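Hello,

Here is the structure we spoke about, handed over for you to look through. My notes on what turned up follow below it.

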Amino acid sequence: MKGKVILLGVSGGIAAYKAAGLCSALVKEGAVVHVIMTESATRFIAPLTFQSLAKTAVITDIFAEPDPGEISHIALADKADLVVVAPATANVIAKAAHGLADDMLTTTLLATRVPVLFAPAMNVNMYHNPVVQDNLARLRARGWLVAEPGEGPLACGYTGRGRLPEPEELVDVIRAIFRQKKDMQGLRVLVTAGGTRERIDPVRYLTNDSSGKMGFALAEAAARRGADVTLVTGNTTLPPPANVRVVPVESALDMHRVVLDLLPQQDVVIKAAAVADYRPALAAERKIKKTGDRLTIELVRNPDILADIGTRKTDRQVIVGFAAETNDVVTNAAAKLRAKNADLIVANDVSQEGAGFGSDTNIVSLVRPDRPVRELPQMSKRDVAEAILDEILAIRKDRL
Ligand code: C5P
């Protein structure tokens, strides 16, 4: 953390006093800390406390421009390596989630392009209020980070979630943010996610249970690691990840066209989508009417996108497929690897609890040609995504 510039935004909750401990801990770690306080924060703790700890001027008033040569909120936003809002009140969270900028802190939040960490602290009922949770989800969807508050007795007399984490815990979170690898910088990565919809008529379609979670986690993680990411996604309800180009598609044929179009510019293609193998031979132009007791819909094969990529890929490209299986997982994955000319198959036993469709966790094996299979334990889809990206970088390294 030595020499890193951290903007510490303090908003007006009782936990504001704990921000002094955080400020002091960050200074001890060697960071240069600039503190911005909201008007209400100054009711809880004096700016002089932070000034004495950080040895920098504390800013409270957006109109007090001490240096005529610069505009404070832009200069600070540009100078920072990280912005930490601790404590983040429900009010500041709401303003940030909706882009309001009516004081120094919220204006600086809009002007910065560096990572922002919010540490919410409030009464347990306020924290669990759906409007606060919605606002936190908005912040996360934009790539801002949220440190989960701790559980315990709260200043308001209630017990529950809402405590500002202790300064040491927040310092650990901040250290981890600075350690975040940027090892995919300069790589162009295409990820497909979600299930496809195969039209029967204008109001009906065939689809599958894919939630898109694994592909979204991959796109998000690759973007965080510095890659230029395009996410080609079938239908999902997930919010688009931050800093990712999203191309929505409906059917397997759409996905096939888009992916093959974009293929030549990519360094890595990860096919996490659950692509329908068959589509109705004819999509009716009008809603099909109820007539007889039986209705037969003839299905025809869809192109295998992964296999088509496999025949076109260049030596520098890394192609990754998924294999959702219910039996003989590794044997089937190895066969798929050869059949589709992929560089890595992520094999996934969807019959196991905690793996596959809809789940937040996954249990996968990484299968590469001429390598021992790597079986990973049950992990969050986020951690699985990081492990897959690590393996992709290992494949690139092995080629050098
Ligand atoms: O052959 P199977 O469908 O089990 O292979 C799964 C892998 O192939 C996944 O990576 C999936 O995205 C891809 N796939 C595809 N086009 C299809 C079917 C599957 O790209 N039509």
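In this predicted model, a nitrogen atom of the ligand sits 2.8 Å from a polar backbone atom of Pro 303. Two oxygen contacts to the backbone can be listed beside it: an oxygen atom of the ligand is 2.8 Å from a polar backbone atom of Ala 273, and a backbone N or O atom of Leu 306 lies 2.8 Å from an oxygen atom of the ligand. The ligand taken alone exposes 440 Å², and the protein buries 85% of that. How many residues surround the ligand? There are 13, and the closest are Lys 271, Ala 273, Leu 306, Phe 322 and Lys 336. Ala 273 and Leu 306 therefore appear both among these closest residues and in the backbone contacts just described.

Next, the salt bridges. The structure holds 30 of them, and I looked at three pairs.

The pair Asp 183 and Arg 225 has its closest N and O atoms 2.9 Å apart. Asp 183 is in the loop between α9 (167-179) and β8 (188-193), while Arg 225 is in the loop between α10 (213-224) and β11 (228-233), so this bridge ties together parts that are 42 residues apart in sequence. Are the two partners buried or partly exposed? Asp 183 counts as partly exposed because its relative accessibility is 33%, and Arg 225 counts as buried because its value is 0%. Both residues also belong to a network of salt bridges that links Lys 181, Asp 183, Glu 220, Arg 224, Arg 225, Arg 382, Glu 386 and Asp 390.

Asp 398 and Arg 371 form another salt bridge, with 3.2 Å between the closest N and O atoms. Asp 398 lies in helix α14 (residues 381-399) and Arg 371 in the loop between β19 (364-367) and β20 (374-375), so the pair ties together parts 27 residues apart in sequence. Both side chains are partly exposed, with relative accessibilities of 42% for Asp 398 and 43% for Arg 371.

For the third pair, Asp 103 and Lys 95, the N to O distance is 3.7 Å. Asp 103 has 15% relative accessibility and counts as buried; Lys 95, at 10%, is buried too. The cut-off for buried is under 20% relative accessible area.

Asn 123 may be worth a look as well. It is found in the loop between β4 (116-120) and α7 (124-128), and with a relative accessible area of 16% it is buried. A polar atom of the Asn 123 side chain lies 3.0 Å from the backbone nitrogen of Met 126. Which residues does Asn 123 touch, leaving aside those up to four places away in sequence? They are Leu 154, Cys 156, Tyr 158 and Arg 161.

Last, the surface. Leu 206, Tyr 278, Leu 295, Ile 297 and Leu 299 make a nonpolar patch of about 440 Å². Of these, Leu 206 is found in strand β10 (residues 204-206). Leu 206 is partly exposed, at a relative accessible area of 34%; residues in such patches need over 30%.

Regards

Note on methods:
Residues are numbered from 1 along each chain as its sequence is written. This is a predicted model: local features need pLDDT of at least 70, side-chain atom pairs count only at pLDDT 80 or more; totals for chains, interfaces and linings use all residues. Side-chain values use heavy atoms; hydrogens and water are left out. Patches are made of residues with over 30% relative accessible area and no salt bridge: like charges are joined within 9 Å, nonpolar side chains (Val, Leu, Ile, Met, Phe, Trp, Tyr) within 5 Å. Accessible areas come from the Shrake-Rupley method with a 1.4 Å probe; for residues, only the protein chains shown count as cover. A salt bridge is a side-chain nitrogen of Lys or Arg within 4 Å of a carboxyl oxygen of Asp or Glu. Helices (H or I, at least four residues) and strands (E, at least two) are DSSP runs, numbered from the N terminus. Buried means under 20% relative accessible area, exposed over 50%, partly exposed in between (1.4 Å probe, protein chains only). A polar contact is a pair of N or O atoms within 3.5 Å; within protein, one must be able to donate a hydrogen and the other to accept it, and residues adjacent in sequence count only if both atoms are side-chain atoms. Contact means heavy atoms within 4.5 Å. A residue is near a molecule or strand if one of its heavy atoms lies within 4 Å of it.
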